[in-house]
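Welcome, and please open the model in your viewer. We will go from one selection to the next, with a short note on what to look for at each stop.

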Amino acid sequence: MAYTTIDDPSAYFQTALYTGNSNYNTITNDGNSDLAPDLIWGKCRSTTKTHYLYDSTRGVEKRIESDNASVEDSSTNGVLNFYTDGFRLGSGNTENDNGESFVAWQWKANGGTTASNTSGSITSTVQANTNAGFSIVTWAGSGNAGTIGHGLGAAPKVVIVKAINSATSWAVFHGAFSSDDAYMVLQTTAGAVSQAGIWNNQYPSSTVFGVSSDAWLNATGSTYVAYCFAEKQGYSKFGTYYGNGSTDGAFVYLGFKPALVITKVVSDPNYGWVMADNARGPFNENDPSVYANSSAAETTNDANLDFLSNGFKCRGSTYPANAGGTNTNIYMAFAENPFVTSTGVP
């Protein structure tokens with residue numbers, strides 16, 4: 001039995017905490033493995049500031065923000081370098097304001113090396129890490145429904161898309177949706193939305209995902225980036241669970257101890273995308289939370305999760321992560337440690 005192929009998840013994902021200095025600031029990761037990040041997603045914890053996302057495909061000083069629909073900002077003085085075990089910041093106050101505390105979640109793709117991909121009807125540029133199930137995909141909009149090659153060799157369970165040069169919303173596909181017409185909007189609290197043909201009437205395959213001609217996904221004159229995630233046993237998992245409204249809440253089996261869990265209630269439009277991690281919350285209950293859709297500072301008593309050796313358990317009795325009744329939650333989770341190693345050792 002293949003328990004996992006990734007014994008050290010820190011080779012592919014790490015979370016860094018740092019204090020801003022409004023000057024050159026080198027952030028060095030402290031995981032078991034060195035991690036050269038290709039996607040950096042950060043947030044100020046101590047005050048209201050927008051999220052920041054940089055990736056090595058689009059390049060340095062090119063920020064997009066998960067909490068709004070703005071176009072890419074290409075003069076940020078934010079992330080100046082991607083290093084072999086971290087990154088360097090400039091004086092941009094969204095990323096590095098003096099004395100403020102920050103968190104940065106980081107994923108490894110392919111060291112910034114991209115390739116042209118013609119698997120879909122629309123040619124894409126792909127930076128893929130098939131071991132970790134993560135790729136960064138960019139393309140020029142064609143104005144027609146079509147398919148985009150993602151380079152993972154396995155069907156992605158999550159696809160997060162943003163137009164770079166137009167102020168259109170983030171579109172999120174999640175494999176737990178019961179319809180290929182469903183999507184969610186990352187920068188809002190809205191629940192799942194249905195739009196016929198939004199993903200070109202198909203679920204992602206091992207080679208491509210579909211897009212409509214909608215301005216969010218494939219309009220003429222717009223350029224796009226997508227972050228694609230396929231499940232890897234013992235390292236990443238993307239699924240759904242039901243809240244029960246109890247402090248003895250739902251247990252979600254992952255097959256690993258989580259390092260990052262993102263949850264979103266699908267059936268209620270009033271609660272956002274909660275992000276909990278093992279760096280800001282090293283002990284259970286893990287409750288320091290930021291919201292992917294909000295510029296607000298870090299809060300407490302929102303996530304209310306126990307991070308366990310093989311999954312996570314809800315400990316809050318209500319929204320956002322564990323409301324009872326018919327509330328369905330989707331989640332995205334990445335590992336600190338696999339529950340069982342590749343050699344079968346717990």
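Select Ile40 and Gln106 to begin: in this predicted model, Gln106 of β7 is the bridge partner of Ile40. Now widen the selection to residues 101-107, which make up strand β7. β7 and β3 pair in the antiparallel sense, with six bridges between them.

Next, turn to β4, residues 52-55. This strand also pairs with β3 in the antiparallel sense, here over four bridges. To see one of the contacts, pick Trp41 and Leu53: Leu53 in β4 is the bridge partner of Trp41.

Stay with β3 and select residues 39-44. Which residues point one way from β3, and which the other? Leu39, Trp41 and Lys43 point one way, while Ile40, Gly42 and Cys44 point the other way. Are these residues buried or exposed? All of them are buried. Since six of the six residues of β3 are buried, the strand is largely enclosed by the rest of the structure.

Now move along the chain to another sheet stop. Five strands form an open sheet here, in the order β18-β25-β20-β21-β22, and their pairing is antiparallel. Colour β18 (236-242) and β22 (290-291) to mark the edge strands, each of which pairs on one side only.

For the last stop, select β21, residues 274-277. β21 runs antiparallel to β22, and two bridges join them. Zoom in on Val274, and you will find Tyr291 of β22 standing opposite.

How values were computed
Residues are numbered from 1 along each chain as its sequence is written. This is a predicted model: local features need pLDDT of at least 70, side-chain atom pairs count only at pLDDT 80 or more; totals for chains, interfaces and linings use all residues. Side-chain values use heavy atoms; hydrogens and water are left out. Two strands pair if DSSP finds at least two bridges between them. Buried means under 20% relative accessible area, exposed over 50%, partly exposed in between (1.4 Å probe, protein chains only).
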